[in-house]
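Colleague: I'm still new to reading structures, and I'd love a close look at just one part of this one. Could you pick a sheet and walk me through it and its surroundings?

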Amino acid sequence: MADYQEHLPALDRVLAHARGSAFYGSRLPRTSLRTWNDFTALPLTTRVDLRRHSPHGLICVPGRELLQYHESSATTGEPVSVWYSARDLAEIRGGLARWGVGLSAGDRVLVRFPYALSTIGHCIHAAAQHRGACVIPADSRTTITPLSRVLELMRKLEVTVLATISLTAVMIAEAAEMAGLDPRRDFPRLRAICCAGEPLSPHRRELVGSLFGVPVYDNYGMTETGPLAMDCAERRLHPWLDQVVMEVLDDRLEREVAAGEIGHLVVTSLTPRAVPMIRYLTGDRVRRSEAPCPCGRGDVLEVRGRAEDVLSIQGRVFDLWELDAIVSRLPSRRFWTVSPLPDGLRFVVERERDEDHVEPALLAALTRDHGAAVQVELAPKGALYDRREPVSFGMMSKPVYVTA
Ligand SMILES: [Zn+2]
């Protein structure tokens, strides 16, 4: 898509740096890049590669320079190890500190992410403090901070910014309602919600914003890479092109798709990270568009969800954004899962109000508009996320929407 010729000197430096690791040293050519095609001829790095060579095989700096260790949340197989140097952490902190939400002294930022081994909570924590904001670390996977305590902290400390996974923000709103609170009224100092950790579709952004009555800012990244894109003050997601080169490849992972088309995101570090990524296949489907933004940048990223979560129904592809678009038209839309049918999609959605029901005309309209039969089961509250589980309604790993 883009002309990356100007990045070749920086990429050459990163490749020379990467050859210092056992993994990259044995698979990267020793010649310098002359053309962009030389770069795209390099092999893709996969998550399997990272797993196989963890914990030490991808480190490219002397051991004494390593300052922080993380592991990816491994649902299957061996975890992926990620090490950061002081330089890496400063780079990430400095980038995140420019988040469009405008964190500053006087803010009280409640960080509701998993802290153990995961990266994002620590990155936001450091960036907020870098801007002088006060941080309230409220780990999402410990009994020390169940949702009831999060509500208590948000109220008594007059939290101004809630940083969390978007689905967790929905859970916090629900927990507030269960406690007799109105999330739009009873957190009067709350001014913004900062999301990370899962793709934020336009409808999820709208849902979270409407529950709390405040703007919602997005951030995109993963443990292996650190943050990769972030909302500006206009709430548009811009890639961190000073820290990473992004390619968007077709389904065969051979060529870049045209601008504005959806493809598979491949990232390469542009700076000498302790564990640099060289043509790392992220597993996420994205769309890059060159739409001018009032902030001055012109490159907007849509993160459409994991490639493995795409449902293909009679040749028609449904990704998280489109699935969420369908749910957004239902009377209940907070908590849902979807599974494939031979000719369509079957949603299970937790009922929000007793009177909610799905009209046949709505199902017919959804089927017509999305090109697949749509079935919806409105299930009782708690059918998907157990409200008796105090920590996070029982969600102890990443949100799951697509089921078998
Ligand atoms: Zn912008």
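Modeller: Gladly! Let's take the open sheet of 7 strands, whose order is β4-β3-β5-β6-β7-β8-β9 and whose pairing is mixed. Its two edges are β4 (134-137) and β9 (237-239); each has a single partner strand, so one side of each is left without a neighbour in the sheet. On average, neighbouring strands here are turned by 25 degrees against each other, direction ignored.

A few ground rules will help. This is a predicted model, in which local features need pLDDT of at least 70 and side-chain atom pairs count only at pLDDT 80 or more, while totals for chains, interfaces and linings use all residues. Residue numbers start from 1 along each chain as its sequence is written. Helices (H or I, at least four residues) and strands (E, at least two) are DSSP runs, numbered from the N terminus. Two strands pair if DSSP finds at least two bridges between them.

Start at the β4 edge. Strand β3 (residues 108-112) pairs with β4 in the parallel sense, over 4 bridges. To find the spot, look for L110, which stands opposite I136 in β4.

After β3, follow the chain into the loop that leads to α6 (120-130), where you will meet L117. The phi of L117 is near 70 degrees, a positive value in a residue other than glycine. L117 has 16 other C-beta atoms within 10 Å and is partly exposed. For that label, C-beta atoms are placed from the backbone and those within 10 Å are counted: 20 or more others make a residue buried, 12 or fewer make it exposed, and anything in between is partly exposed.

Now for the helices around the sheet. Helix α8 (residues 166-178) has 13 residues and reaches 19 Å from its first C-alpha to its last, close to the 18 Å expected at 1.5 Å a residue (the expected span is 1.5 Å times one less than the number of residues). Of those 13 residues, 11 are buried, so α8 is largely enclosed by the rest of the structure. Among the buried ones are L167, V170, I172 and E174. Their cover includes β3, α7, β5 (161-164), β6 and α9, so three of our sheet's strands, β3, β5 and β6, appear in that list. Just after α8, G180 takes a positive phi of about 85 degrees.

One of those covering elements, helix α7 (residues 147-156), packs against α8 at an angle of about 85 degrees, with the axes 10 Å apart. That makes α7 roughly perpendicular to α8. Angles of 65 to 115 degrees earn that name, with under 35 roughly parallel, over 145 roughly antiparallel and the rest oblique. Axes are lines fitted to C-alpha atoms, for helices over the stretch in contact, and angles run from 0 to 180 degrees between N-to-C directions. At this meeting point, L147, S148, V150 and L151 of α7 face M171, I172, A175 and A176 of α8. The contact residues divide into 7 nonpolar, 1 polar and no charged (nonpolar are Ala, Val, Leu, Ile, Met, Phe, Trp, Tyr, Cys and Pro; charged are Asp, Glu, Lys and Arg; polar are the others, Gly among them).

Another covering element, helix α9 (residues 202-212), lies across β6 (192-195) and β7 (216-222), running at about 135 degrees to β7. Contact here means C-beta atoms, placed from the backbone, within 7 Å.

That brings us to the β9 end of the sheet. A hairpin with 3 residues joins β7 to β8, and the two strands run antiparallel with 4 bridges between them. Within this pair, N219 stands opposite M230 in β8. All 6 of the 6 residues of β8 (residues 226-231) are buried, so this strand is largely enclosed by the rest of the structure.

On its other side, β8 pairs with β9 in the antiparallel sense over 3 bridges, with D231 and L237 as bridge partners. These strands form a hairpin too, with 5 residues between them. In this loop sits R235, whose phi is near 60 degrees, a positive value in a residue other than glycine. R235 is partly exposed, with 18 other C-beta atoms within 10 Å. And with β9 we have reached the other edge of the sheet.

Key
Contact = placed C-beta atoms within 7 Å.
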